[in-house]
Amino acid sequence: MSTKNDARQINLQDCAAEPIQIPGAIQPHGMLLVVAPDFQILQASLNTPGSSGKSSASPLPGKPLSQFLGEKNFRLLQAKLDSINIDDRLFHLGSISIPWQDDPAHPFDVLAHRHDNLLIIELESIEHYSDVEDFPSRVIDFIISLESKPRPEEISDIAAREVRRLSGFDRVLIYQFDVDWHGNVIAESRNDNLPAYLGHRFPASDIPAQARELYRTNRSRLIRDAAYIPVPISPAENPVTKRALDMSYCALRSVSPVHVEYMRNMGTAASMSFSIVRDGRLWGLISCHHVAPRWVSYSIRRACELVAQVLALQLAAAERQAMVEQRLQLRQYVSRLLASMAETDDFVTGLLKNPDDLLSVAGAAGAAVITRESCQMIGQSPSESDVREIAAWLAEHHADRKIIRINNLVAEFPPAERFKNIASGLLAASVSSFAGSYVMWFRPEVVQTVVWAGDPYKVPVHSKDGKIPARLNPRTSFAAWTEVVRGSAHPWSDAEVESVTELNAEAVGIVLRKAEAMAALSAELQRSNRELEAFSYSVSHDLRAPFRHITGYAELIRDYESSNLSERGKRYASIVIEAARDAGRLIDNLLSFSQMGRSTMQPMNIDLNQLVRETQADVMETEGAQRAIKWEVQPLPRTYGDLPMMRLAVRNFLSNAVKYTRDKGDTAHIVVRGHEDKNEITFEVQDNGVGFDMQYSDKLFGVFQRLHRMEEFAGTGIGLANVRRIVERHGGRVWASGEPGQGATFGFSIPKQQVSG
């Protein structure tokens, strides 16, 4: 059983195959002659003088044009032809009077053009002289009236009223073609003889592709009476070209029977149209309808055609002005984003630092930046898993494209159905050479109610065997037919795509420049690391042993020679021993820090609850003995990492909490807590100790950085630096917060998806 869509496809195919440019006939309100370069008549319409209504051939072919027109008219015509260069366009060569249909001196407008090296002359009957009064003034007034109207609908409304005033037609519609060639009525001027169609949509099948091409090349058409009987051209095949006459540029060209039936179904007996062409492309039409047959002189049609051309220019100017203003605004967003990226270490941070600009640069409701390392979203965006799925699909199906613009994501990527209310529109930019690295912008679904001028799904009339359409059957009703359209977002404009393209190109340049700088820095760091390893080796062998000797011999002096030392000497020996021990511990910690970055990680599942219990007991035994400490250990999640490294990190946090609550007058209170979300594991230790000033927080995790004097709290200044190195090797981050005298909180987060060490 055929569906409406099946029927529509059949009709579109049939319409595309109809030879409308070679109908072999003209409308009867004039005559047509095809003339050779020597002015010999090759073909003529059967309504030329001397032709019998019963005859199937015109007597004119083979005769000179002068014999038909008369010497005087012929000389005038020949003089005009010699003065201008006739091409495919229609040229008005003046008016003549010759015998026609019982009128011995019937007036005609003479129209001519050349095609296939043939001169085609059309004699269009003049029913009465009706030139436009004060035409220049009216054109100037019309143009001035358009200048203050910025919107296409306002400009079109003025043009519709002017064409109706010039032509006297009952209804004038102006409609614009969309990307699918449906015609949207944006302006209308009418009386009560015909119904209103403003805001309605006409389906693309009403004007198939080859008809649109005719409208583009021949921008004016009049159908004086839809009930006309076509007048054939004789002979049907041109004797020079050996084929049917191409009438694409003819004013009298007979139209398709389907279109005539379409007019009758629409309730119009006469129609006239003028093409709105912009930059060589058919933008829309001015379509005129009348309930009764109506003749319009060539001069008035030319005036209406000029209105259409002025309208096209004004529409282009208005659109360009709006485009310029939009581009200038978007350029500001791009500039701020580029400046932000240039100031930061990575482009992701630079983009997300200005979320409003990132959304505005594409007019989006949401955005996401996805790289190999991270996926971050702002605004109304799909979930991280959905964004990653989109990125994988883009990498598979659009790997060769830098910019991807999609207005109906569900149509191309069916899984988007579940989040189409957020991301029916997608604009994506590939920002690096790594597959799956994108900046994406999202727009929500816009549910549209479209009012069609009749059911757009035409049903074909089938042949008797029921298998193939015998002919096209145009719609018989043009009553409002409502359709709800889903799945699409508001389309991305060319200016928005251009701004994203510019941002992407500049961002790629920034990424490449920073990659080159990082490569150079990496080489320098590798050299420095090799020197540091050599230094560590030297420290290990050349300094540790002497400090052991100093400690050992100083202890021997204190223990065995104490009787020979004064009290001052004994005190000096103890100071030497303690200083040597501190130096040894410092060297050991420095070596540990150096080795922390080079040792191989062996990740495993870790129960943080058990690890904290073991570490807490060790810290209390070695550093918290005889202390009144209130521990509050909340339930902790499991994590995945290198156990010795994680033990050292946890011990540093707990040890610091114990150390810096030592001088509390009341009971020290230490809280250990943690949590997990879909992305990471977090661990924190909070105390009520001495705290610190947040303006110095950036120094906490540096090597040898201390915020308290050695005399107050002992330490080497390497413990927190070790924690940072451990956490960074797990792909995480560290932080601290505090206030002098109010305690401090130290924490780290590591992702669930671990980075191999």
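**Close-up 1. Phe-653 and its ring partner Phe-748.** Phe-653 is tucked away in this predicted model, and with a relative accessible area of 3% it counts as buried. Its partner in the pair, Phe-748, is buried as well, at 2%. The two rings make a tilted aromatic pair, with 5.9 Å from centre to centre and 40 degrees between the planes. This pair ties together distant parts of the chain: Phe-653 belongs to helix 18 (residues 643-659) and Phe-748 to strand 29 (residues 744-751), 95 residues apart.

**Close-up 2. More aromatic rings.** Searching the whole structure turns up 11 aromatic pairs. One of them joins Trp-100 and Phe-108 edge-to-face, with 65 degrees between the planes and the centres 5.2 Å apart. Trp-100 is buried at 6% relative accessibility, and Phe-108 is buried too, at 0%. Elsewhere, ring pairs string Tyr-175, Phe-177, Trp-181, Tyr-197 and Phe-202 together into a cluster.

**Close-up 3. Strand 2, under cover on both sides.** Here we look at strand 2 (residues 30-35), where six of six residues are buried. In a regular strand, side chains take turns between the two faces of the sheet. Strand 2 has Gly-30, Leu-32 and Val-34 pointing one way, while Met-31, Leu-33 and Val-35 point the other way. Residues of both sets are buried.

**Close-up 4. The neighbours of strand 2.** Which strand does strand 2 meet through six bridges? That is strand 6 (residues 118-125), and the two run antiparallel. Val-34 sits opposite Ile-120 of strand 6, and Met-31 sits opposite Leu-123 of strand 6. Strand 2 also pairs with strand 3 (residues 41-45), again in the antiparallel sense, this time over three bridges. Leu-33 has Ala-44 of strand 3 as its bridge partner. Strands 2 and 3 make a hairpin with five residues between the strands, and in this hairpin Phe-39 takes a positive phi near 65 degrees.

**Close-up 5. Zooming out to the whole sheet.** Strand 2 is part of an open sheet of seven strands, and the order reads 1-11-3-2-6-5-4. The pairing in this sheet is antiparallel. Which strands stand at the edges? Strand 1 (25-26) and strand 4 (91-100) do; each has a single partner strand, so one side of each is left without a neighbour in the sheet.

**Close-up 6. A nonpolar patch on the surface.** Now for the outside: Tyr-553, Leu-556 and Tyr-560 form a nonpolar surface patch, and together they offer about 390 Å² of accessible area. Tyr-553 is found in helix 15 (residues 544-560). Is Tyr-553 buried or exposed? Tyr-553 counts as exposed because its relative accessibility is 56%, and the cut-off for exposed is over 50%.

**Close-up 7. Two cysteines, Cys-250 and Cys-375.** A disulfide is a covalent bond between two cysteine sulfurs. How many disulfides does the model have? The count comes to zero, with the cut-off set at sulfur atoms within 2.5 Å. As for the two cysteines shown here, Cys-250 is buried with a relative accessible area of 3%. Cys-375 is buried as well, at 11% relative accessibility, since buried means under 20%.

Technical notes:
Residues numbered from 1 in each chain as written. Predicted model: local features only at pLDDT ≥ 70, side-chain atom pairs only at ≥ 80, totals over all residues. Heavy atoms only, no water. Patch = residues over 30% accessible without salt bridge, like charges linked within 9 Å, V, L, I, M, F, W, Y side chains within 5 Å. Areas by Shrake-Rupley, 256 points an atom, 1.4 Å probe, with all protein chains shown as cover. Salt bridge = Lys/Arg side-chain N within 4 Å of Asp/Glu carboxyl O. Helix = DSSP H or I, 4+ residues; strand = E, 2+ residues; numbered from the N terminus. Buried < 20%, exposed > 50% of the residue type's maximum accessible area, 1.4 Å probe, protein only. Phe/Tyr/Trp six-rings, centres within 6.5 Å; stacked < 30°, edge-to-face > 60°. Pairing = 2+ DSSP bridges.
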